[in-house]
Amino acid sequence: MAPLLDLCDPALAERFDNRFVRELPADPLRRDVPRPVRNACYSRVEPAPVAAPRLLAWSDAVGALLGLARPASATAASVEVLAGNRVLPGMQPYAARYGGHQFGNWAGQLGDGRATTLVELIGADGRHHELQLKGAGRTPYSRHADGRAVLRSSLREFLCSEAMHHLGVPTTRALSLVATGEPVERDMFYDGNAKDEPGAIVCRVAPSFLRFGNFQIHGAHDETEELQRLADHAIAAHFPQLGAPSPEVYAQWFAEICRRTARMVAEWMRVGFVHGVMNTDNMSILGLTIDYGPYGWLERYDPDWTPNTTDAQMRRYCFGRQPAIAQWNLLRLAEALLPLIPNHADLEAGLREFGRTFAIASNRITADKLGLVAIDESDEALLDDLETLLPQAAVDMTLFYRRLADLPADQAADDLDDESLLAPLRCAFYEGDDAGARLLPWLRRYLDRVRLDTEPAAARRARMNRANPKYVPRNYLAQLAIDAAELGDTTVLERLMKVLEHPYDEQPEHEDLAARQPEWARNKAGCSALSCSS
Ligand code: AMP
Ligand code: MG
């Protein structure tokens with residue numbers, strides 16, 4: 001393997017290749033004042049320097065992917081780059097232009113209001129990776145906001161995007177978390193209690209941060225030429241296997257976006273992730289989980305749950321609705337692509353791919369989570385009943401599925417007393433054994449069903465443990481890491497990141513990080529309720 005280079009090593013510039021900037025139409029103005037931009041895919045911007053950057057966290061895994069060495073110190077020259085204080089020769093920073101449907105309504109131009117892509121870097125894998133600073137200052141897309149981000153939300157993005165990767169969920173990645181040394185004023189719950197919070201910048205990494213909204217903005221303004229150029233760029237850069245653009249290729253491309261989105265959402269449902277703000281500007285055309293804001297992890301199993309207080313009434317983006325919302329978003333993308341794919345039947349065929357792919361993925365996932373070789377219509381009642389019982393029994397989703405593998409499946413169900421059925425699951429019960437005991441008849445039926453399969457117990461258990469993580473970045477754990485980091489202690493974050501690199505492994509010395517939500521966290525800000533303020 002080639003040696004890791006420092007971000008400031010001049011030799012690295014050979015691996016800079018700014019395809020997006022080179023190939024696509026730019027906003028001719030260079031001023032960063034908020035304004036409507038037309039007929040352009042992006043605006044060139046300069047990140048705004050911050051007072052006193054300090055490296056708080058670094059992902060060695062992403063560093064290795066990019067061929068980048070960890071900065072030599074918390075204030076090294078490379079940290080200045082990761083803070084936006086220094087732009088290296090060969091970097092061409094820009095903010096992308098996009099629009100989006102927010103909570104069901106077309107919101108017009110949004111764009112990278114505080115994200116600045118520094119460069120496309122060819123990584124150790126020979127592929128292009130966008131390095132994007134989130135919180136790097138105002139751009140033409142900032143509207144009335146400050147272009148900055150607070151430490152709590154930046155840490156949450158850094159932690160969760162890496163955790164998702166290790167869980168096997170398609171996601172953007174994060175290279176670094178840098179404290180800016182500057183305060184950022186936020187009114188966390190929009191209730192008139194604004195206060196200064198520490199600022200931070202995450203360097204996010206993805207092959208592309210293109211969203212449905214990047215295409216929608218051209219569709220909304222009849223910018224067909226720009227729409228086509230952006231689609232051609234996206235296909236050539238990220239879907240080269242589809243070949244030279246044509247109406248058929250655009251249709252195949254849309255179908256592929258539908259499939260990838262379906263797989264992504266199926267994975268969210270597997271691990272209990274709630275995105276929180278599935279607006280079309282937060283949907284990646286690569287099928288990656290993108291824009292970590294008021295996301296959350298389902299602890300108490302409840303399909304209606306969302307951590308986002310802004311959505312507390314409608315629950316548009318609650319856990320159980322995520323597949324339907326993804327499909328609704330794809331429909332909006334389809335509308336934007338109509339000038340390129342005039343045949344409605346092609347778009348409808350693409351959308352059907354969403355349903356088909358989601359059904360296949362979800363079927364496989366359900367079978368794996370329950371340790372069944374396969375599931376079919378005859379299992380429907382068993383599955384439906386579980387869906388009804390889990391909220392009634394007040395169980396922790398992650399612990400319940402993980403511990404299901406510990407049930408004594410080799411004994412005949414009739415011989416099993418209640419205690420031996422409930423014991424493995426006890427740690428998952430939020431309301432104690434009485435509520436948990438509602439599961440007993442279902443557990444007996446389930447074990448009867450398991451015994452119909454002939455798969456050896458060890459293989460079945462291993463398969464379940466690969467589908468059911470032991471460790472997820474629970475909301476309260478992220479909050480503990482934030483509380484410590486705000487006091488200058490990053491050890492809580494570091495330990496969590498290390499454990500979450502192997503979320504499917506038993507790590508007995510870290511058992512405390514697998515525990516269900518403690519009582520103190522039940523109604524605490526950041527642990528159960530989050531806002532879009534970030
Ligand atoms: P989000 O809800 O974070 O996906 O953001 C929606 C839109 O608001 C995007 O265009 C963001 O770039 C923009 N935005 C969010 N926060 C800020 C901020 N502090 N400064 C400027 N723009 C922002
Ligand atoms: Mg966003």
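In this predicted model, the magnesium ion (ligand 2) is held by two residues, with N282 offering its OD1 atom and D291 its OD atom, at 2.0 to 2.2 Å. Both of these residues sit out of reach of the surface by the usual yardstick. N282 has a relative accessible area of 10%, so it counts as buried, and D291, at 14% relative accessibility, is buried as well.

Ligand 1 has a fuller set of neighbours to look at. It is surrounded by 17 residues, and the closest are G111, G113, R143, D146 and G147. Two of these make polar contacts through their side chains. In the case of R143, an N or O atom of the side chain lies 2.6 Å from an oxygen atom of ligand 1. For D146, a side-chain N or O atom is 3.0 Å from a nitrogen atom of the ligand. R148 joins in with its backbone instead, placing an N or O atom 3.2 Å from a nitrogen atom of ligand 1.

Turning to the loops, N279 belongs to the one that runs between β10 (273–274) and β11 (296–297). With a relative accessibility of just 3%, under the 20% cut-off, N279 is buried. Setting aside neighbours within four places in sequence, N279 touches H101, Q102, F103, Y317 and N329. With F103 there is also a polar contact, as the side chain of N279 comes to 2.7 Å from the backbone nitrogen of F103.

Y190 is another loop residue, found between β8 (173–186) and β9 (195–206). Its relative accessible area is 52%, over the 50% mark, and therefore Y190 counts as exposed. Exposed or not, Y190 has company: apart from residues up to four places away in sequence, it is in contact with T310, S531, C532 and S533. The side chain of Y190 gets to 3.0 Å from the backbone nitrogen of S533. A83, on the other hand, is 107 residues from Y190 in sequence and 28 Å from it in space, going by the C-alpha atoms.

Finally, there is a pair of packed helices. Helix α16 (residues 475–486) and helix α17 (residues 491–499) meet at an angle of about 145°, and their axes are 7 Å apart. On the α16 side the contact is made by L477, A478, L480, A481 and A484, while α17 brings in V492, L493 and L496. Sorted by type, the residues of this contact come out as eight nonpolar, no polar and no charged.

Methods
Residues numbered from 1 in each chain as written. Chains lettered and ligands numbered in written order. Predicted model: local features only at pLDDT ≥ 70, side-chain atom pairs only at ≥ 80, totals over all residues. Heavy atoms only, no water. Donors = N, O, S within 2.8 Å, 3.2 Å for Na, K, Ca; no water. Buried < 20%, exposed > 50% of the residue type's maximum accessible area, 1.4 Å probe, protein only. Axes fitted to C-alpha atoms, helices over the stretch in contact; angles between N-to-C directions. Helix = DSSP H or I, 4+ residues; strand = E, 2+ residues; numbered from the N terminus. Contact = heavy atoms within 4.5 Å. Nonpolar A, V, L, I, M, F, W, Y, C, P; charged D, E, K, R; others polar. Near = heavy atom within 4 Å. Polar contact = N/O pair within 3.5 Å; in protein donor to acceptor, adjacent residues only side chain to side chain.
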